[in-house]
Amino acid sequence: MLEPIKNNWRILLLVVVVIGATVALFAPQFGPQTAPGESVSEAQQGVTNLQYGLDLAGGTRVRAPLVGYTATEVDFDGDQPDDVARAIAGELENASASDITAVPAENAVDVTEPSVTESQFRAAMDASGYAYDDIRSGVTQETRDVAQEIIQDKIDQTGLSGGTVQQVQSLTGEYFILVEVPGENRSSVTSLLEERGTVQIDIAYPTDNGTAVEEEVLTQDDFAELGSAAQSDRGTGAYVPVTVRNTAPEGQQSPAHSFQQAVADRGFDSAYNSNRDRCDYSENPDDVSKPCLLLTVDGEVVNSFGMDPELADSMASGSWATDGGFRLTTSEFSEAERIAINLRAGALPADLDISGQGTSRSISASQGENYKNYSLVTGILAVFAVAGMVFLRYREPAVALPMIVTALAEVYALLGIAALLSYPIELAVIAGFIAVVGTGVDDLVIIADEVMSEGEVNSRKVFDSRFRRAFWVIGAAAATTIIAMSPLMVLSLGDLSGFAIFTILGVLIGVLITRPAYGDILRRLLTVR
Amino acid sequence: MVAIEVPEVNYTEYSNRQLVAIPLAVLVLALAIIGGWYLVTGAPANLGLEFTGGVELRIADDGGNVEQQIETAFDRQPDSIRSIPADDVYVVTFRAADEDPEGLANDLSAQAEEAGLSTNAIDQVSPSFAADTARTAIFGVVLAFLGMSVLVFALFRTFVPSLAVVASAFSDLVVPVAVMNLLGIQMTLGTIAALLMIIGYSVDSDILLNNSVLRRTGDFYESVSRAMRTGVTMTLTSMAAMIVMAIVAALFGVDLLRNIGIILSVGLCADLMNTYLLNVSLLRWYKFEGVKQ
């Protein structure tokens, strides 16, 4: 019973792999992950579980660095990050504290105002008195993370499914933000990245006819400082500290004063007397019982707040504006983070320099569809060419046919892996497949020639020793291919990592599974019994 | 039906010096072409968009006189306009301008839109990014070549045969680059991938030959002809796949696949020559004279 399995395990392994690939390609369980609000059938492109990349599905990819300078190994002297930022901003004519990010965890400070030059920043760092090691171009990890989060947020908000944002590092250590948005053209993606979303604070207040809203009591430009989300000192809540600007051109009211006025006019001080008083906008937006502050992003209300009684009183008495600080409180930390992002929304913490130091690629859906068909035709014709050569050379279907089938099984297994990993198929990956057919058949030729050389194969022992000899060459050749391709896998050279990954995977599958199986098939066909 | 028979070469008729002369001459010529290119253009090859920076637009050819429209649509003169009939598109390339690379892609796509042209794809690469890519690519090729060399020396552990493999792999890399220059093919990321692939592919037949001569018993010439029968079949099959890929992809305007196809075809051709002239003669010298010393 076990004997046939033992004798043919190589072939059986190949069959198992092919079945596994079929499952990965077609079983709905291995289907692509769905984006929020997307059904499985929408996420699936075609009958298989394969995911197509930008080249074949259409879309836009932008890769660009964030502009700024970073001072490294800064000695904070125990000062708070906000104070450090303010001190350094004070030494710069063309930057405010919100253009400076001090990150104690990285011992770094960055400036993201594009007009600040390296020497200006250096001079400001020197003047501020904080010791530092050096100035490099680029921004801090913290700023990159915030930028990444904001871009992801923007993409999600527009309802584009499958848009991704990553940070990638080049050979020279420079960081790039890599944004991929399927199905969108270049101009809509760049405007999405560059546009400033309008963030404003409105006041909703009760009237006899239900809720009325006073719009734009604060707009984005009115904030002097936007802190990052923080956990509340007491209790479970979280908050975003903000400061409203208390400066204005001659003869005009400062934003802090006009906001204070608006809050006092809507009677916040009489509505909020204890910590139990809450804004009820989220329960009944059309009929609020108390005035509420509304945080609005691009015309949509994303959050509503009541007001701390003390704060409301200080606004009513008119003493608040000089300081201008308040906290936008939330119940969850993640919500506070989202609000902090929304307040900055549009405003990435640093500019993405697409045309100066970046690269972008955009392909229309129809062009992608064309590429998909063309590369399929190219691949099939390449396989026919290989098959034709093999038949012409051996003129024996028993040798040539299994050769072609084995090489195709290799590609099929690779497609299964791509589906399993949800690795997007790009033109470069298809080139990798064709390369795999090429190397695969090469090795099968080596096996066939070796096994059939020197007369008839009249015993299993003869076959095995010849097969082992052939395998030394195949193993050595596979090792060189893997070594030659591995730099591409890790270097950031566009799509070519896909080419390298699939060539290497193909070689591995070939050496470990398909080529030994071909040896077994050949043995069964050739061994003289 | 025509059968492909790998011809038997009677190596005994030629001296080592005669055999080596051809591949060496080709190698020297290729190096001279690349060197000349460097002196004249400042780069060893025709660098493509990815290595120089610039913008490439694929503009749909929906009938009418699109080509004339393209000529007048942009306020900068395109550096090249290529028609791809099978895909109904024109590929229009603009080199990065030294004076002002800012906003070029936006401007160009806006200008195309104004002129009523529909853009199927835009590729934009900034010059500084391109320079970075070029450095990374060179680093990658060098690293791959060194890795391969170390591995070959580790596999055979004899100096001359290992050197023969490495030398012929070097020539396999240099010859396609020179041919690319002559054919006017640009160096792109796809061609870099192809060059790395050559390192992997071409070494196969060299390893097969060395293995057959060094590790197997039997007469030198018998070993060579046995390795050759297999090796030439291998190389021809791969070449057939690559030539077909190059032709089909060129018709459809899929540049990445076309470039990989062309480079690999040329590289494999060079490999046939290098393996069975250069490598064989070095091995024969090693076998008959080198060992005795």
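**Exercise 1.** In this predicted model, determine which domains the domain assignment gives for chain B, and characterise the contact between them.

*Solution.* Step 1: the assignment divides chain B into domain 1, made of 11-47 + 129-290, and domain 2, made of 54-125.

Step 2: a distance of 37 Å separates the C-alpha centres of domain 1 and domain 2 of chain B.

Step 3: with contact taken as C-beta atoms within 7 Å, domain 1 of chain B contributes five residues and domain 2 of chain B contributes six residues.

Step 4: on the side of domain 1 of chain B that touches domain 2 of chain B, the elements giving two or more residues are helix H5 (127-156) and helix H8 (220-252) of chain B. That side consists of four nonpolar residues, one polar residue and no charged residue.

**Exercise 2.** Establish how many residues of chain A and of chain B are in contact, and identify which element of chain A gives the most to its side.

*Solution.* Step 1: the contact involves 66 residues of chain A and 65 residues of chain B.

Step 2: several elements of chain A give two or more residues to this side, among them helix H8 (186-194), strand E16 (359-363) and helix H18 (496-526). The greatest contribution comes from H14(A), with 17 residues.

Step 3: by residue class, the side of chain A that touches chain B holds 35 nonpolar, 25 polar and six charged residues.

**Exercise 3.** Find in which sense E16(A) pairs with strand E4 of chain B, and name the bridge partner of Thr359(A).

*Solution.* Step 1: E16(A) and strand E4 (residues 119-125) of chain B are antiparallel, paired over five bridges.

Step 2: Thr359(A) has Val125(B) as its bridge partner in E4(B).

Methods:
Residues are numbered from 1 along each chain as its sequence is written. Chains are lettered from A and ligands numbered from 1 in the order in which they are written. This is a predicted model: local features need pLDDT of at least 70, side-chain atom pairs count only at pLDDT 80 or more; totals for chains, interfaces and linings use all residues. Two residues are in contact if their C-beta atoms, placed from the backbone, lie within 7 Å. Helices (H or I, at least four residues) and strands (E, at least two) are DSSP runs, numbered from the N terminus. Ala, Val, Leu, Ile, Met, Phe, Trp, Tyr, Cys and Pro count as nonpolar, Asp, Glu, Lys and Arg as charged, and the others, Gly among them, as polar. Two strands pair if DSSP finds at least two bridges between them. Domain bounds come from an automatic or database domain assignment.
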